[in-house]
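Let's take a walk through this structure together, stopping at a few loops and helix pairs along the way. Please keep the model open as you read.

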Amino acid sequence: MVARRPVRMAPVAAFVAGAAGQLAYSFAGPGDPIALTAVVLGVLAVPVVLGALLGARTPHNPVGPALSWVGAAPAVVFAVENWGARPGSGPLGVVAPGVWVWNLAGFVALCLVFPDGLLPGARWRRAAWLTGAAGVVVNAAGAVAVDTAPAPVLAGAAALAFGTCLAALGTAVAALVRRYRRGGEVTRQQLRWLVLGAGTVPVLLAAGWVAQSFGASPAVAYTGFLLAMLLAVPAAVIVAVLWYDLFDVDRLLGESLSWLATTVLSAAVFAGVVAVGGALGADSRLGVTGAAFVTALALQPLHRRLSELVGRLVDRDRYVRLARLRAFVRAVRDGEAAPERTETVLRTVLDDPGLRLLLRAPGADHVERSGRPPEHTIPLRSGDADVGVLALGTVSARRLRRAREAAVEARLPIEVARLQLQLRDALREVSASRLRLLEATAAERRKLERDLHDGAQQRIVAVGMRLRSLQRTVAPAASRELDVAVESLEATIAELRRLAQGIRPSLLDDGLPVALRALVADSPIPVELAVADVPASDAVATSVYYLVAEAFANALKHAGAGRVRIAVSGDPDRLRVEVADDGVGGATADLPSVRDRIAAVGGTLEVHSPPGDGTTVIVEIARARTGR
């Protein structure tokens, strides 16, 4: 509901009336100089003007009028106090001694309605009326506690005023606490801004009471309180309502409180050392110097410890976030966590399920931003190199600040993940290169086999046939020489066939199962052969054939096996080959002649050979490499 215009203009009218009263009092002679009065009114005008502007910007929100009352109420109070102090002031003279309490009216009203109106429920409406009634009670107590009143009356009136004032402030603080506990993230950020700006107001008010009790004038005792309420509070309220995400308020609040606590404790350390030095009879200058030295030594570790403690209380989200991230970084550094989890950890820490960690691919001249605008991404750099971007799913100024901070903290796992990405790509390229070389070598071997079969071998056979034909026309002695020549040619043909078979088994032309059955056909020991007809490229089939041949030969020659089992199977992901025997085991060789061949086609080779329990050779080749 939009606030009515009279409600929004009431504090402005009150300020104008109070300012006119103060200026008239100064012109009348007994008051402060005109220049000083103008300065005071200028300070009081700050929250009035800011509140009016805020009310115009957000007419539905009562925070604007409440902020204006922060400056308007003191303007009226000062005017009443000045005119009430004159002889014959009548009712103003009665009200003036306790009217000071209304300096807090705007601050209490602001606490009750900040950041979006009074809390719902009849209880909080009654609380608002009770705080107003508390002001009336305190004002009346001040009127009773005049100099001519008996001491018990003075003491009772002071106790009543003090207790009632604390109750009103307590109600305002309770409203803020309730709103903070029940509010969302935006409300909590806005309230943190108010705490940052108004946190010193109660402290400075109490300090003013103490100073006044020791004889200080009200103008001196309450100057700090009024400046905090009139300048710091309005600035914090404007930022909280209009630009709550402008800065990291949690960090500002935590740093402010930690430095405040550091200052207080450092002063206590200084005073304590000086007191101890005085008690020990040390020279005063030496005691002050020693106190300054001890305080300087304690300052940095004291501030670091206090920052940690305050961070846990005030900025717990940031403290927990950084603690989890640093624990992950330590785990990556110690080898206890995989750097590939960096994206998952950042999503959890920043509470952004849509976050993406995009690393620059090797050889790429830029980083793909996953279609997100530049304001949703944070560039990641290592020295002068562009290593990637952190793409946020949801963006705000606060999220961007926290994401930048997280990216700095996580630079080690990000860099390791990028290097691993490059290493995997390099290994993939090496593996692909080895496979291309193996396939090229196999193609050359097939060509050589054909050349031997169709070229030299056929020509030698033709020469042998001509010699046999010629043998029938020569003398017996020459016939015997021709027999020797023909036998030599036949031996050469057999040798060429053996060489061609060694280059590539020709039985592979009929498939891997046929070639393996032929391999073990003449085995002197039983062989259990289970070979599925799985598709395999020529390079893969050749590699598997040589693997089985070598493992089978080792079982016959060295293992003393009584039985061998050969199994070739396939599933959607991989081709699996297993050669097992029941020999003596304890084999130390790992088939070095075929390991590189298996690795070249993207496979892995394992040899299990416990002593006395046989030997098992297992090969697995990725399915992507097995297709024709």
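## A loop after α15

Asp352 sits in the loop that links α15 to β1 (356–359). This is a predicted model, and in it Asp352 counts as buried because its relative accessibility is 3%, below the 20% cut-off for that class. Leaving aside residues up to four places away in sequence, Asp352 touches Arg347, Leu392, Gly393, Thr394 and Arg399.

Now step back to the helix that leads into this loop. Which residues of α15 are buried? In α15 (residues 342–350), they are Thr342, Val345, Leu346, Val349 and Leu350. These residues span an arc of only 115 degrees around the axis, so they lie on the same side of α15. Right after α15 comes Asp351, which has a positive phi, near 55 degrees.

## The chain as a whole

With that corner in view, here is the wider setting. The chain's secondary structure comes to 21 helices and eight strands. Of the 628 residues in the chain, 39% are buried.

Contacts across the sequence are worth a look too. Taking contacts between residues at least 6 apart in sequence, 68% join residues that are at least 24 apart.

## Helix α11 and its partner α3

Two of the helix pairs described here involve α11, and we can begin with α3. Helix α3 (residues 63–84) packs against helix α11 (residues 223–242) at an angle of about 170 degrees, and their axes are 10 Å apart. Because angles over 145 degrees count as roughly antiparallel, α3 is roughly antiparallel to α11. The two helices make a left-handed crossing.

Which residues bring α3 and α11 into contact? On the α3 side they are Val63, Leu67, Val70, Gly71, Pro74 and Phe78, and on the α11 side Leu226, Met229, Leu230, Pro234, Val237, Ile238 and Val241. Sorted by class, this contact of α3 with α11 has twelve nonpolar residues, one polar residue and no charged ones.

## Helix α11 and its partner α8

Next comes the pairing of α11 with α8. Helix α8 (residues 185–198) and α11 pack at an angle of about 165 degrees, with 8 Å between their axes. The two are therefore roughly antiparallel to each other. Here α8 passes α11 in a right-handed crossing.

From α8, Gln190, Trp193, Leu194, Gly197 and Ala198 meet Ala228, Ala232, Val233, Ala236, Val237, Val239, Ala240 and Val241 of α11. By class, the contact of α8 with α11 has eleven nonpolar, two polar and no charged residues. Val237 and Val241 of α11 are worth finding in the viewer: they are among the residues that meet α8, and they are also among those that touch α3.

## Helix α5 and the loop beyond

How many of the nine residues of α5 are buried? Seven of them are, so α5 is mostly covered. The buried ones are Gly106, Phe107, Val108, Leu110, Cys111, Leu112 and Val113.

In the loop between α5 (105–113) and α6 (122–144) you will find Asp116. Is Asp116 buried or exposed? With a relative accessible area of 53%, Asp116 is exposed. Not counting residues up to four places away in sequence, Asp116 touches Asn61, Pro62, Val63 and Arg179. The C-alpha atoms of Asp116 and His60 are separated by 8.6 Å, although these residues are 56 residues apart along the chain. Val63 links this loop to an earlier stop, for Val63 is also one of the α3 residues in contact with α11.

## Helices α17, α19 and α20

Ile460 has its place in helix α17 (residues 411–471). With a relative accessible area of 18%, Ile460 is buried. Ile460 and Glu490 are 30 residues apart along the chain, and their C-alpha atoms are separated by 8.4 Å.

Our last stop is another helix pair. The axes of helix α19 (residues 512–519) and helix α20 (residues 538–557) cross at roughly 20 degrees and come within 11 Å. That angle makes α19 roughly parallel to α20, and their crossing is right-handed. Leu512, Ala515, Leu516 and Leu519 of α19 make the contact with Ala541, Val544, Tyr545, Val548, Ala549 and Phe552 of α20. By class, this contact of α19 with α20 has ten nonpolar, no polar and no charged residues.

Terms used. Residues are numbered from 1 along each chain as its sequence is written. This is a predicted model: local features need pLDDT of at least 70, side-chain atom pairs count only at pLDDT 80 or more; totals for chains, interfaces and linings use all residues. Side-chain values use heavy atoms; hydrogens and water are left out. Axes are lines fitted to C-alpha atoms, for helices over the stretch in contact, and angles run from 0 to 180 degrees between N-to-C directions. Helices (H or I, at least four residues) and strands (E, at least two) are DSSP runs, numbered from the N terminus. Angles under 35 degrees count as roughly parallel, over 145 as roughly antiparallel, 65 to 115 as roughly perpendicular and the rest as oblique. A crossing is left-handed if the near helix is turned anticlockwise from the far one by less than a right angle, and right-handed if clockwise. Contact means heavy atoms within 4.5 Å. Ala, Val, Leu, Ile, Met, Phe, Trp, Tyr, Cys and Pro count as nonpolar, Asp, Glu, Lys and Arg as charged, and the others, Gly among them, as polar. Buried means under 20% relative accessible area, exposed over 50%, partly exposed in between (1.4 Å probe, protein chains only). The arc is that of the directions from the helix axis to the C-beta atoms.
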